Amino acid sequence: MPFRIDETDPQVMIVHTGDHIGPEDYEDFLKYWASRFEGEERFGIVLVNEPHTHDEEGDEELSEEELQKIREERGARLIRIINDFRRDYRQRSNQKTIGMANVYPADAEWIQDLGEDGWEDMQTKAMMRSNYMFGIRGRNFTGIEKAKAWIKEQASQPPISLADDPQAPTAGGGRVGLFYGSTTGVTEEIADQIANVWSETGLDALEAVNISYLDDISNLKEFDYLILGCPTWNVGELQDDWELELPNLEDVDFSGKRVALFGVGDQAHYSDNFQDALGILGRKLRERGATLVGFTPTEGYDYDESVGVENDMFMGLAIDEVNQSDLTSERIEAWVKQLVREFELTPA
């Protein structure tokens, strides 16, 4: 493992990423992190993100298109490695890890360009993602000593509460089920917002449940109506919790079920694949007998291609938290009202 680990202080594991790394190096590090859970003491992690290169960089025989494909494949593998850790170790990490401090070079151009608002937004995302992926607090720094001091401060705090994490769908199902897949926590946040808006309709409250908590994907049949969320990852791929479950959908009959989909994507950086997950998941569910509802207009978005579009309509609610976060609330509110009509539900 090329990561350099300094454990001089048993309370703080300082991890230097080094200058030549790949997904396998992160995999080795996560395995080592998990091995530390067997110890008696809690510890924090300071991850020092150093400038680095990859094997393919500088290879003049590779075209830019080939290089981009390699980068995308490497990114997809890294995402799956981290998500495997979340599924297997988040509960243990919550109990044994004090927190994670990410350290970035203060003189990096992208840090200079962030500005105060951008840095604060980055802090918010660091906390959300560390919470979601590892069950711990997270924060960003531009100096190791400040990062170590923050870890020491967190040592006096109890682990964050995971008591509200839903572990399984409501026994016996119900009228409406709300499920999602999420890797960094963004789609989880959107699912929670949908549940909050739904609570204002006068209908029974919804609980947003991560599909990775399901013992069997066929449990979705226990609900009369379904709201399912999946972000588009990499170049037009399903989020990997959904990707793992996709083959299992072949054994589930959704005949008579009305299903509404919501997706999270980035129309600026992935313009050729924006909201592809809506189409991949939607068409599979339709093959299994589901009736898709909740289609929304494509007006107001700026993208090039999407397999999540059918007859000039998104096959569900399209959310872009990267470029259009200011529109998310109104889009969710309008969509929930639409679903109440299309599910033909009447508030008590």
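I take a cavity to be a set of points, on a 1 Å grid over the protein atoms alone, where a 1.4 Å probe fits but cannot get out, with lining residues having an atom within 4 Å of a point; grid points are joined across faces, edges and corners, and a volume is the space filled by probe spheres set on the points.

The model is predicted, and local features need pLDDT of at least 70, side-chain atom pairs count only at pLDDT 80 or more, while totals for chains, interfaces and linings use all residues. Residues are numbered from 1 along each chain as its sequence is written, and side-chain values use heavy atoms, with hydrogens and water left out.

Entry 1, cavities. I found two cavities of 30 Å³ or more, and the second largest has a volume of about 30 Å³. I listed its lining as Ile79, Arg80, Trp233, Asn234, Leu238, Gln239, Asp240 and Glu243, and the elements giving two or more residues to that lining are α2 (64–96) and α6 (240–245), where helices are DSSP runs of H or I with at least four residues, and strands are runs of E with at least two, numbered from the N terminus.

Entry 2, helix α8. I looked up α8, which covers residues 328–342 and has 15 residues. Its buried residues (under 20% relative accessible area, 1.4 Å probe, protein chains only) are Thr328, Arg331, Ile332, Trp335, Val336, Gln338, Leu339 and Val340. Just after α8, I noted that Glu344 takes a positive phi of about 60°.

Entry 3, Trp33. Leaving aside neighbours within four places in sequence, I find Trp33 in contact (heavy atoms within 4.5 Å) with Phe43, Ile45, Phe85, Ser93, Thr97, Met100, Phe134 and Ile136.

Technical notes. The expected span of a helix is 1.5 Å times one less than its number of residues. Buried means under 20% relative accessible area, exposed over 50%, partly exposed in between (1.4 Å probe, protein chains only). On a 1 Å grid over the protein atoms alone, a cavity is a set of points where a 1.4 Å probe fits but cannot get out, and a pocket is an open set with protein on both sides within 12 Å along at least five of seven lines; lining residues have an atom within 4 Å of a point.
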